[in-house]
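Trainee: I have a chain to go through with you. Shall we take it sheet by sheet?
Mentor: Yes, bring it up and ask away.

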Amino acid sequence: MAGILLVEDDPSVRAGLELALTRQGHSVTSYTTGEEALDHIRARRPEIVILDVMLPGIDGVEVCRRVRKIDQLPIILLTARGDDLDVVVGLEAGADDYVVKPVEPRVLDARIRAVLRRVESASSDRITFGDLVIDRGALKVTLAGREIHLTPTELRLLLELVRHPGQVLNRRYLLRAVWDHQHVADSRLVDACVQRVRAKIEPVPADPVFIHTVRGFGYRFSPP
């Protein structure tokens with residue numbers, strides 16, 4: 001069970017998802033606008049947000065950006081097209097995952113549970129790579145003594161890379177390990193998330209010293 005905030009302006013889609021997710025055992029609060037969603041998050045934090053990209057007023061991407069300024073709570077985007085530029089923009093804004101409409105409720109439920117498992121995953125050891133310190137027990141990352149705020153998905157990706165220092169991990173492997181996805185078409189999830197992690201932990205994101213791209217293969221964590 002999860003406390004879900006559903007933001008969808010189409011009444012039929014909203015009603016169908018709310019009913020299906022409730023039947024799956026979740027507690028669902030729904031709104032039609034980004035403004036309402038932001039007010040709710042400030043007043044009562046949900047466990048996860050299911051967010052339509054195309055909303056009246058403040059759209060889903062802007063909602064995602066504003067949430068990331070104040071909170072790292074998990075966000076799944078709903079998009080009408082799997083190849084839509086809005087998906088890439090949304091992922092770069094900090095979304096953890098996306099689902100293409102029309103939404104199969106069981107697929108959405110599986111994605112919700114997968115994202116929440118990332119939030120809960122932790123171990124008790126502390127890892128240090130120069131100025132970069134990763135405390136798995138506290139789910140805390142610091143760089144040169146300054147705390148770095150990562151979303152659950154960003155943290156899970158970093159931990160997966162750190163588990164295999166010096167080893168190239170391809171996108172398909174990372175999709176399975178971090179997102180529980182099987183389709184290589186979702187590889188932009190990996191690329192967008194790597195970009196966000198680099199922006200937070202790399203001294204110069206354009207010239208990374210921790211997470212290196214191996215063209216045609218994937219990514220390698222090779223600390224200096």
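Mentor: One definition before we start: two strands pair if DSSP finds at least two bridges between them. Also keep in mind that this is a predicted model.

Trainee: How many bridges join β4 to β5, and in which sense do the strands run?
Mentor: Pairing needs at least two bridges. β4 and β5 run parallel, and Leu-77 of β4 stands opposite Tyr-98 in β5. The number of bridges joining β4 to β5 is four.

Trainee: Which residue of β4 stands opposite Leu-51?
Mentor: Start with the strands. β3 covers residues 48-52 and β4 covers residues 75-79. They run parallel, joined by four bridges. Opposite Leu-51 stands Leu-77.

Trainee: Which residue of β3 is the bridge partner of Val-7?
Mentor: β1 and β3 pair over four bridges, in the parallel sense. Within that pairing, the partner of Val-7 is Leu-51.

Trainee: And on the β2 side, which residue stands opposite Leu-6?
Mentor: β2 spans residues 27-31 and runs parallel to β1. Five bridges join the two strands. Opposite Leu-6 in β2 is Ser-30.

Trainee: What is the strand order of this open sheet?
Mentor: Chain the pairings together. β1 pairs with β2 and with β3. β3 is joined to β4, and β4 to β5. The order is β2-β1-β3-β4-β5.

Trainee: Why is one side of β2 and of β5 left without a neighbour in the sheet?
Mentor: Look at the ends of the order β2-β1-β3-β4-β5. β2 and β5 (97-100) have a single partner strand each, so one side of each has no neighbour in the sheet; both stand at the edges. Neighbouring strands here are turned against each other, direction ignored, by an average of 20 degrees.

Trainee: Which strands does α1 touch, and what angle does its direction make with that of β2?
Mentor: α1 covers residues 11-23 and forms a right-handed β-α-β unit with β1 and β2. The helix packs on the sheet, touching β1, β2 and β4. Its direction makes an angle with that of β2 of about 170 degrees.

Trainee: Is β4 mostly covered or uncovered?
Mentor: Check both faces. On one side Ile-75, Leu-77 and Thr-79 are buried, and on the other Ile-76 and Leu-78 are too. The chain reaches β4 from β3 through helix α3 (residues 60-70), in a right-handed crossover. With five of its five residues buried, β4 is mostly covered.

Trainee: Which residues of β1 are buried on each side?
Mentor: Buried here means under 20% relative accessible area. In β1 (residues 3-7), five of five residues meet that. One side has Gly-3, Leu-5 and Val-7; the other has Ile-4 and Leu-6.

Trainee: Where does α4 lie, and at what angle to β4?
Mentor: α4 is the helix of residues 85-92. It lies across β4 and β5. Its angle to β4 is about 170 degrees.

Trainee: What area do domain 1 and domain 2 bury between them?
Mentor: The domain assignment gives domain 1 as 3-116 and domain 2 as 126-221. Their C-alpha centres are 24 Å apart, and 17 residues of domain 1 contact 16 residues of domain 2. Carbon and sulfur atoms hold 48% of the buried area, which is about 1,300 Å².

Trainee: Which residues of domain 1 lose the most area to domain 2?
Mentor: Three residues lead on that side, together giving 39% of what it buries. They are Gln-72, Leu-91 and Asp-96.

Trainee: What is the order of the open sheet of three strands?
Mentor: Here the pairing is antiparallel. β10 (168-170) and β11 (211-214) are the edge strands, each pairing on one side only. The order is β10-β12-β11.

Trainee: Which residue of β12 is the bridge partner of Val-168?
Mentor: Three bridges join β10 to β12 (residues 218-221). These strands run antiparallel. The partner of Val-168 is Arg-220.

Trainee: What angle does the direction of α6 make with that of β12?
Mentor: α6 (residues 152-162) packs on this sheet, touching β10, β11 and β12. The angle with β12 is about 70 degrees.

Notes: Residues are numbered from 1 along each chain as its sequence is written. This is a predicted model: local features need pLDDT of at least 70, side-chain atom pairs count only at pLDDT 80 or more; totals for chains, interfaces and linings use all residues. Side-chain values use heavy atoms; hydrogens and water are left out. Buried means under 20% relative accessible area, exposed over 50%, partly exposed in between (1.4 Å probe, protein chains only). A crossover is right-handed if, with the strands pointing away from the viewer, the path from the first strand over the helix to the second runs clockwise. Axes are lines fitted to C-alpha atoms, for helices over the stretch in contact, and angles run from 0 to 180 degrees between N-to-C directions. Contact means heavy atoms within 4.5 Å. Domain bounds come from an automatic or database domain assignment. Buried area is the accessible area (1.4 Å probe) that two parts lose on being put together, summed over both.
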